[in-house]
Amino acid sequence: MTAASLAFDPAAARADILARIALAAKASGRAPTDVTLVAVSKLQPWEAVAPVLAAGQRVFGENRVQEAKGRWGDVRAEHPDLELRLIGPLQTNKAREAVAFFDVIESLDREKLARSLAEAAAAEGRCPRLYVQVNTGEEPQKAGIIPEAADAFLAEVRETYGLPVEGLMCIPPVDDAPGPHFALLAAIARRNGIAKLSMGMSADFETAVRFGATSVRVGSALFGARA
Ligand SMILES: *Cc1c(COP(=O)(O)O)cnc(C)c1O
């Protein structure tokens, strides 16, 4: 066996993940095209990201504004169909930069940030598609609005700040079974008339699809373990 045959192959991993997404979608009576694979490229070397881009992947998730701009700024000129999503916590002092750069921001989770995003959108003349992050496990160290405050927060984002909300996002506690968290997120979305659900990562994306995910955020299963 050669060294090359032992190396992790991100393009092959992508094909496998897309096939598993399609199977999970069909098993729950959904179309595979209902689920978008968000390739989480944070902290990955470009040698791992390039083959996935070459294989046709166009939706990528990043955790940090600076890292994303450094990595994707030039690539985007060559690939205008790229869709870049911010999935990590956003500080208000980076809101304008994030609004100018990202197509989607998935981590809207507090009033101060809603206000900053609304001001930034007005100043930039563009507004990324927005997801509200819900802390379904109510973990103190984790970002996200707690479930019982979600309805009021969504109303405030939409009415007070005039921001459209495309979807909800969650990151279940690592030690919990994810299903109940995905079901909770889906229930909050349903009663608030929200169609999109960003949920499921490397370890649980098939479960997430069964619970209605419209996008899954997959990093290590796609690119290999992060540095
Ligand atoms: C890092 C990260 C992911 C991807 O995690 P994996 O377990 O590597 O798939 C997904 N979502 C968010 C918000 C992340 O920060």
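The paragraphs below go through a predicted model, starting with its aromatic pairs and core and ending with two residues that are far apart in sequence.

A search of the whole structure turns up four aromatic pairs. In one of them, the ring centres of Phe-60 and Trp-72 are 4.5 Å apart and the ring planes stand at 40 degrees, so the pair is classed as tilted. The two residues come from distant parts of the chain: Phe-60 belongs to strand E2 (residues 59–62), Trp-72 belongs to helix H4 (residues 65–78), and 12 residues separate them. Phe-60 and Trp-72 are both buried. Together with Trp-46, they make up one aromatic cluster. Another ring, that of Phe-101, has a charged group placed over it: the charged end of Arg-76 lies 4.7 Å from the ring centre.

Phe-60 also appears in the nonpolar core. The largest such core contains 61 residues, and the members with the most contacts inside it are Phe-60, Leu-117 and Val-216. For Leu-117, the partners beyond four places in sequence are Leu-90, Ala-95, Val-99, Ile-105, Leu-108, Leu-130 and Leu-163.

The ligand comes next. The residues around the ligand are Val-40, Lys-42, Asn-63, Ile-87, Ile-171, Met-201, Ser-202, Arg-217, Val-218, Gly-219, Ser-220 and Arg-226. Three of the short distances from ligand oxygen atoms can be followed one by one. At Lys-42, an N or O atom of the side chain is 2.7 Å from an oxygen atom of the ligand. At Ser-202, the side chain again supplies the N or O atom, and the distance to a ligand oxygen is 2.5 Å. At Gly-219, the partner is a polar backbone atom, 2.8 Å from an oxygen atom of the ligand.

Leu-43 is found in the loop that runs between strand E1 (36–40) and helix H3 (46–54). Its phi is positive, near 60 degrees, and the residue is not a glycine.

A second loop, between strand E5 (129–133) and helix H7 (147–160), holds Asn-135. The same loop, between E5 and H7, includes Thr-136 and Glu-138. Asn-135 has a relative accessibility of 4%, and because buried means under 20%, it counts as buried. Its side chain reaches the backbone oxygen of Glu-139 at a distance of 2.8 Å. Setting aside neighbours within four places in sequence, Asn-135 is in contact with Lys-142, Ala-143, Gly-144, Ile-145, Ile-146 and Pro-147.

Thr-136 is buried too, with a relative accessible area of 7%. Its side chain and that of His-181 are joined by a polar contact of 2.9 Å. Beyond four places in sequence, the contacts of Thr-136 are Pro-147, Cys-170, Pro-172, His-181, Leu-184 and Leu-185. Pro-147 is thus found among the contacts of Asn-135 and also among those of Thr-136.

Is Glu-138 in this loop buried or partly exposed? With a relative accessibility of 47%, Glu-138 counts as partly exposed. Like Leu-43, which has a positive phi without being a glycine, Glu-138 is a non-glycine residue with a positive phi, here about 50 degrees.

Gly-167 is located in strand E6 (residues 167–169). Its relative accessible area is 0%, so Gly-167 is buried. Not counting residues up to four places away in sequence, Gly-167 touches Leu-130, Tyr-131, Val-132, Ile-194 and Lys-196. Leu-130 is also one of the residues in contact with Leu-117. From Gly-167 to Ala-123 the C-alpha to C-alpha distance is 23 Å, and the two residues are 44 residues apart in sequence.

The last stop is Ala-19, in helix H2 (residues 10–27). Ala-19 has a relative accessible area of 41% and is partly exposed. Between Ala-19 and Leu-154 there are 34 Å in space, C-alpha to C-alpha, and the two are 135 residues apart in sequence.

Methods: Residues numbered from 1 in each chain as written. Predicted model: local features only at pLDDT ≥ 70, side-chain atom pairs only at ≥ 80, totals over all residues. Heavy atoms only, no water. Phe/Tyr/Trp six-rings, centres within 6.5 Å; stacked < 30°, edge-to-face > 60°. Helix = DSSP H or I, 4+ residues; strand = E, 2+ residues; numbered from the N terminus. Buried < 20%, exposed > 50% of the residue type's maximum accessible area, 1.4 Å probe, protein only. Lys NZ or Arg CZ within 6 Å of the ring centre and 35° of its normal. Core = buried A, V, L, I, M, F, W, Y, C linked by side-chain atoms within 4.5 Å. Contact = heavy atoms within 4.5 Å. Near = heavy atom within 4 Å. Polar contact = N/O pair within 3.5 Å; in protein donor to acceptor, adjacent residues only side chain to side chain.
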